[in-house]
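Biologist: Could you walk me through how the labels on this one are assigned? I'd like the cut-offs along with the values.

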Amino acid sequence: MTQGPRVYGSERDDPEPGPQPGRDYRELTGGPLDGQLIEVTGWAEEDITTGAYLITPHSTYGPGGRASYGPTFSRPDGPWVWEGDVP
C-alpha cells in the first residue's frame, strides 16, 4: 500500500496522516518539513498568501523552533517554499 504525503501536525502513528477529501492543502518544499502538506482550509486569503511559521523539532534552533514557509510570487497558489528557520 502506497501512502501519500503526511499532513503537517498529524502524528506518525495516525492511521490516516494524509490529505482528506474536501480540504485545501499546500505542499511544503525544502527545509525540515519538506514533502509534508499544510492544511489551509478556512484560512483567509491574506494568511494563505503570507505563509506561516511552523513549529518543528528539526529546525536550526532545535525542538520548538520554527520554519518559515510561504508561497512564491511566481506561483502564489503553488507549493510553499522554505524561507529559513526562526527561533
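Modeller: Sure, accessibility to begin with: buried means under 20% relative accessible area, exposed over 50%, and partly exposed in between, using a 1.4 Å probe and protein chains only. Keep in mind that this is a predicted model, where local features need pLDDT of at least 70, side-chain atom pairs count only at pLDDT 80 or more, and totals for chains, interfaces and linings use all residues. Residues are numbered from 1 along each chain as its sequence is written, and side-chain values use heavy atoms, with hydrogens and water left out.

Biologist: Why is Ala44 called partly exposed?

Modeller: Its relative accessibility is 42%, and that sits in between 20% and 50%, so the label is partly exposed. Ala44 belongs to the loop between β2 and α1.

Biologist: And what makes Trp80 buried?

Modeller: Trp80 has a relative accessible area of 0%, which is under 20%, so buried it is. Trp43, at 30%, counts as partly exposed.

Biologist: Why is the pair of Trp43 and Trp80 called tilted?

Modeller: The structure holds one aromatic pair. Rings of Phe, Tyr and Trp (its six-membered ring) pair if their centres lie within 6.5 Å; planes under 30 degrees apart are stacked, over 60 edge-to-face, the rest tilted. Here the centres of Trp43 and Trp80 are 5.8 Å apart and the planes stand at 55°, so the pair is tilted.

Biologist: What does the pair tie together?

Modeller: Trp43 is in the loop between β2 (37-39) and α1 (45-50), while Trp80 is in strand β5 (residues 80-86), so the pair ties together parts 37 residues apart in sequence.

Definitions and conventions:
Helices (H or I, at least four residues) and strands (E, at least two) are DSSP runs, numbered from the N terminus.
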